[in-house]
Amino acid sequence: MKLTRRQTLGLAVGAGVAGGCSPLLQNLKASDEPFAAPLPEDDPYVGHLNRFAFGPRPGDVENLKAQGRQEWFEHQLTAGTEETNAFLVLHLSNLDINNFSAWDLRNWPPEHVLDQLQQARIMRAVHSEWQLRERMVDFWSSHFSIYANKGLATFRKPTDEREVIRKH
């Protein structure tokens, strides 16, 4: 069985819950929607969502067909700075890296900071309405790469992503 990117990210979050990676993720509720049959890759709407988002979620292809590609792009480009998904906002607000500065994080175990940074990225990739923004944050974070395991960069990386990459 071939999995889409979105299904793979969902399984990664689920594996984090099952493996006990974080007490926060232990409260993550499972999706009520079953896995759908794989969508045909030659469908232009599926290709569009694979290229400009993290793959289609259930209902995304139908919404894209009804909305049209141009309108979808315009909607994605009007993304505000705040998330609209209450479930995602709740879980992101409980992550310590979103509540503390690099100075405050400096005495924490580096693995804890990097784990939370990765959890935030996966949660946004799976649940955010603003998929184009998340793809661009991923692109620019990779382009302006900061090696997180070098010196104090571990503690600066969450602030860099929040205040520089995501903001601009």
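**Salt bridges and helix packing in an all-helix model**

Let me start with one pair of side chains: Glu163 forms a salt bridge with Lys167, and the closest N and O atoms of the two are 3.9 Å apart. That value falls inside the 4 Å limit for a salt bridge, and I should say at once that it comes from a predicted model, as does everything else I will show you. As for the surroundings of this pair, Glu163 counts as partly exposed because its relative accessible area is 38%, whereas Lys167 counts as exposed because its relative accessibility is 54%.

Let me step back to the protein as a whole. Its secondary structure comes to nine helices and zero strands, so if you follow the elements from the N terminus on, you read α nine times over, α-α-α-α-α-α-α-α-α. The protein has 168 residues, of which buried residues make up 35%. If we take the contacts between residues at least 6 apart in sequence, 67% of them join residues at least 24 apart.

Now back to charged pairs. How many salt bridges does a search of the whole structure find? The search finds nine, and I have already shown you the one between Glu163 and Lys167. Another joins Asp60 and Arg57, with their closest N and O atoms 3.2 Å apart. Here the acidic partner, Asp60, is buried, because its relative accessible area of 14% lies under the 20% cut-off, while Arg57, with 23%, is partly exposed.

A further salt bridge is formed where the side chains of Arg121 and Glu161 meet, at 3.0 Å from N to O. This pair links distant parts of the chain, since Arg121 sits in helix α7 and Glu161 in helix α9, which covers residues 153-165, and the two are 40 residues apart. Is each partner buried or partly exposed? Glu161 counts as buried because its relative accessibility is 3%, and Arg121 counts as partly exposed because its relative accessibility is 29%. These two residues also belong to a network of salt bridges, in which Glu83, Arg121, Arg133, Glu134, Asp138, Glu161 and Arg166 are linked.

Let me stay with helix α7, and look at how it packs against its partner α8. Helix α7 runs over residues 110-127 and helix α8 over residues 131-143, and the two pack at an angle of about 145 degrees, with their axes 8 Å apart. The contact is made by Arg121, Arg124 and Ala125 on the α7 side, and by Gln131, Glu134, Val137, Asp138 and Ser141 on the α8 side. By character, the residues of this contact divide into four charged, two polar and two nonpolar. As for the handedness, α7 passes α8 in a left-handed crossing.

One residue of that contact deserves a pause, and that is Arg124, which lies in helix α7. Which side chain of opposite charge is nearest to Arg124, and how far away is it? The nearest is Glu83, at 4.3 Å, and Arg124 has no salt bridge although it is buried. The reasoning rests on the cut-off, because a salt bridge needs the nitrogen and the carboxyl oxygen within 4 Å. Setting aside its neighbours within four places in sequence, Arg124 is in contact with Glu83, Leu88, Leu92, Gln131, Glu134 and Arg166.

Helix α7 also holds Met123, which counts as buried because its relative accessibility is 3%. Met123 and Leu92 are 31 residues apart in sequence, yet their C-alpha atoms are 8.0 Å apart in space.

Let me finish with two residues elsewhere in the chain. Trp72 has its place in helix α4, residues 69-77, and it counts as buried because its relative accessible area is 8%. What does Trp72 touch, if we do not count residues up to four places away in sequence? The answer is His48, Leu49, Phe52, Ala53, Leu64, Gln67 and Leu132. With Leu132, the separation along the chain is 60 residues, and that between the C-alpha atoms is 9.8 Å.

The other residue is Val46, found in helix α2, residues 44-52, and it counts as buried because its relative accessibility is 3%. Val46 and Val61 lie 15 residues apart in sequence and 6.6 Å apart in space, C-alpha to C-alpha.

Conventions: Residues numbered from 1 in each chain as written. Predicted model: local features only at pLDDT ≥ 70, side-chain atom pairs only at ≥ 80, totals over all residues. Heavy atoms only, no water. Axes fitted to C-alpha atoms, helices over the stretch in contact; angles between N-to-C directions. Helix = DSSP H or I, 4+ residues; strand = E, 2+ residues; numbered from the N terminus. Left-handed = near helix turned anticlockwise from the far one by under 90°. Contact = heavy atoms within 4.5 Å. Nonpolar A, V, L, I, M, F, W, Y, C, P; charged D, E, K, R; others polar. Buried < 20%, exposed > 50% of the residue type's maximum accessible area, 1.4 Å probe, protein only. Lys, Arg positive; Asp, Glu negative; His and termini not counted.
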